[in-house]
Every structure is written in C-alpha cells, then in structure tokens.
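Colleague: Hi! Could you walk me through this one? I have a few quick questions.

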Amino acid sequence: MGNVHVMDHPLIQHKLTYIRDKNTGTKEFRELVDEVATLMVYEITRDMPLEDIEIETPVSVSKSKILSGKKIGIVPILRAGIGMVDGVLKLIPAAKVGHIGLYRDPKTLKPVEYYAKLPNDVEERDFIVVDPMLATGGSAVEAINSLKKRGAKNIKFMCLIAAPEGVEALKEAHPDIDIYIAGLDEKLNEKGYIVPGLGDAGDRLFGTK
C-alpha cells in the first residue's frame, strides 16, 4: 500500500516559497526547481538496498556499504517534468531517463498519451515519475498507467506541489504508489489551477506564456 509523504524539511520549504513567488524570474525559478528535486530525491532514495564490500582505506581494510545495483529510471511527464530531471540525476547519475508526453483531449478533458520512450528493461527498474504539479491527478494517473502496461512494477511519484483532489485521484487509481510532495496545497479552483499554487510550471520554467 502506497503512502503520501509531505516533505517538511526547512531547506525544501524555504526554496519552495521562492518557487511560488510570482516575482521569481525564469533563471532563478529553474535553479530552485532543480535544487528542490535534488533535496527530495535524497529522501525518496532512503530505502534503496545496500550490500557489503571490502575496501582498503589509507589506514586499514574495512567492510563498507554500496548500493546493491538496483536499476533506477526517471520519467518526467512532458513538458514541465523535464525541469526536475537534472536535480535527480545529480544524486543518481546512472539512472536512465524515459519520457511520457500527454495532452488533454478537448472534448473529454481526459489526458491522452502522444509520446512514450522508456528504457528497454522496464521490468527490471524502479521508476520515479516526476512532474512539478499534481492538480487533478489525470496526467499522473495516465503516466503511471503507461508505465505499468509496459511492465513496471515499482513506481514512485514526485512533485513540488499538489492539490488534495489530485492526491486522492492518484491514490484511488494507484493505491500501491508512494507519493512524495514538497507542498500540499489548499484546493483546485474552478479552472483546475492549484491554490495558492505557483502558476503554470511549464511556462515559468521555459519562459513561455
């Protein structure tokens, strides 16, 4: 059964305040998102398995621990998820990166997959799906559907901010998924924007309107 983790670390909360601020420009916004992604993945990887090896320090022979070789995949949801990838790779440089692109059907308002490129060994990897925002939850649910139908078994979802509605939708669709959030916000407004939120993450990352 998956759990919801709201990360209240002071550094994450401090940086998240500046991410939210409408006066934060594109360059600083991008850097802050990168930094918060790194801080979050430090916590997400807490349960990665270790194994013992023997090494020589400058003083003596020592038994020490290394990661046991579990393969990791990072999957940003296009396009805003790209802004979190480098921050994750700083701590897990050997991870492979897949991409899932979704658009909203104008008639049904449901997300539709238009692009998916994943590592060949999907069944052997633990995946971290990244997207700055979890609003209605539709894109996250569909992205995880896409991974599961290709054989992924162990998936975590990571976002900067989430609305309660999105968290509930993701939990209901994928109760086995751990959800990691830097900030759990108040609600969705009538336009589907997170309140207080941070605006449109993609536009703020890439300087578009």
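Modeller: Happy to; we can go through salt bridges, the annotated site and one strand residue.

Modeller: Just keep in mind that this is a predicted model.

Colleague: Sure. How many salt bridges does the structure hold?

Modeller: There are 14 salt bridges in the structure.

Colleague: Which residue does K71 form a salt bridge with?

Modeller: Its partner is E124, and the closest N and O atoms are 3.1 Å apart. That pair links distant parts of the chain, 53 residues apart: K71 sits in strand β4 (residues 71–78), while E124 is in the loop between β7 (111–117) and β8 (125–130).

Colleague: And is K71 buried or exposed?

Modeller: In between, actually: K71 counts as partly exposed because its relative accessibility is 34%. E124 is partly exposed too, with a relative accessible area of 47%.

Colleague: Which residues are linked with K71 in a network of salt bridges?

Modeller: D121, E124 and R125 are linked with K71 in that network.

Colleague: Nice. What about K148, which residue does that one form a salt bridge with?

Modeller: K148 pairs with D176, and there the closest N and O atoms are 2.9 Å apart. K148 lies in helix α4 (residues 138–149) and D176 in the loop between α5 (164–173) and β11 (178–184), so this salt bridge ties together parts that are 28 residues apart in sequence. Both ends are partly exposed: K148 has a relative accessible area of 30%, and D176 has 38%.

Colleague: Which side chain meets R46 in a salt bridge?

Modeller: The side chain of E43 does, with an N to O distance of 2.9 Å. R46 is exposed, at a relative accessible area of 61%, whereas E43 is partly exposed at 33%.

Colleague: Changing topic: which residues does UniProt list for "binding site"?

Modeller: The UniProt entry, which is unreviewed, lists R79, R104, D131, P132, M133, L134, A135, T136, G137, G138, S139 and D200 under that feature.

Colleague: Which of these residues does the lining of the largest pocket include?

Modeller: The lining of the largest pocket includes R79, R104, D131, P132, M133, L134, A135, T136, G137, G138, S139 and D200.

Colleague: Let's pick P132. Where is it, and is it buried or exposed?

Modeller: P132 is in the loop between β8 and β9 (133–134). With a relative accessible area of 1%, P132 falls under the 20% limit, so it counts as buried.

Colleague: What is P132 in contact with, leaving aside its neighbours within four places in sequence?

Modeller: With A80, G81, M84, C159, L160, I161, A201 and L205.

Colleague: And T136, where does that lie?

Modeller: T136 lies in the loop between β9 and α4. Unlike buried P132, T136 is partly exposed, with a relative accessible area of 37%. Beyond its neighbours within four places in sequence, T136 is in contact with R104, E165, G166, A169 and L188.

Colleague: Which backbone nitrogen does the side chain of T136 reach?

Modeller: That of G138, at 3.3 Å.

Colleague: Last one: what is the place of E54?

Modeller: E54 is in strand β2 (residues 50–56). With 59% relative accessibility, E54 counts as exposed.

Colleague: Which residues is E54 in contact with, leaving aside its neighbours within four places in sequence?

Modeller: E54 is in contact with V61, S62 and K63. As for V141, which is 87 residues apart from E54 along the chain, the C-alpha atoms of the two are separated by 43 Å.

Colleague: Great, thanks!

Conventions. Residues numbered from 1 in each chain as written. Predicted model: local features only at pLDDT ≥ 70, side-chain atom pairs only at ≥ 80, totals over all residues. Heavy atoms only, no water. Helix = DSSP H or I, 4+ residues; strand = E, 2+ residues; numbered from the N terminus. Buried < 20%, exposed > 50% of the residue type's maximum accessible area, 1.4 Å probe, protein only. Contact = heavy atoms within 4.5 Å. Salt bridge = Lys/Arg side-chain N within 4 Å of Asp/Glu carboxyl O. UniProt positions renumbered as here; feature names shortened; annotations may be inferred. 1 Å grid on protein atoms, 1.4 Å probe; cavity = no way out; pocket = protein on both sides within 12 Å on 5 of 7 lines; lining within 4 Å. Polar contact = N/O pair within 3.5 Å; in protein donor to acceptor, adjacent residues only side chain to side chain.
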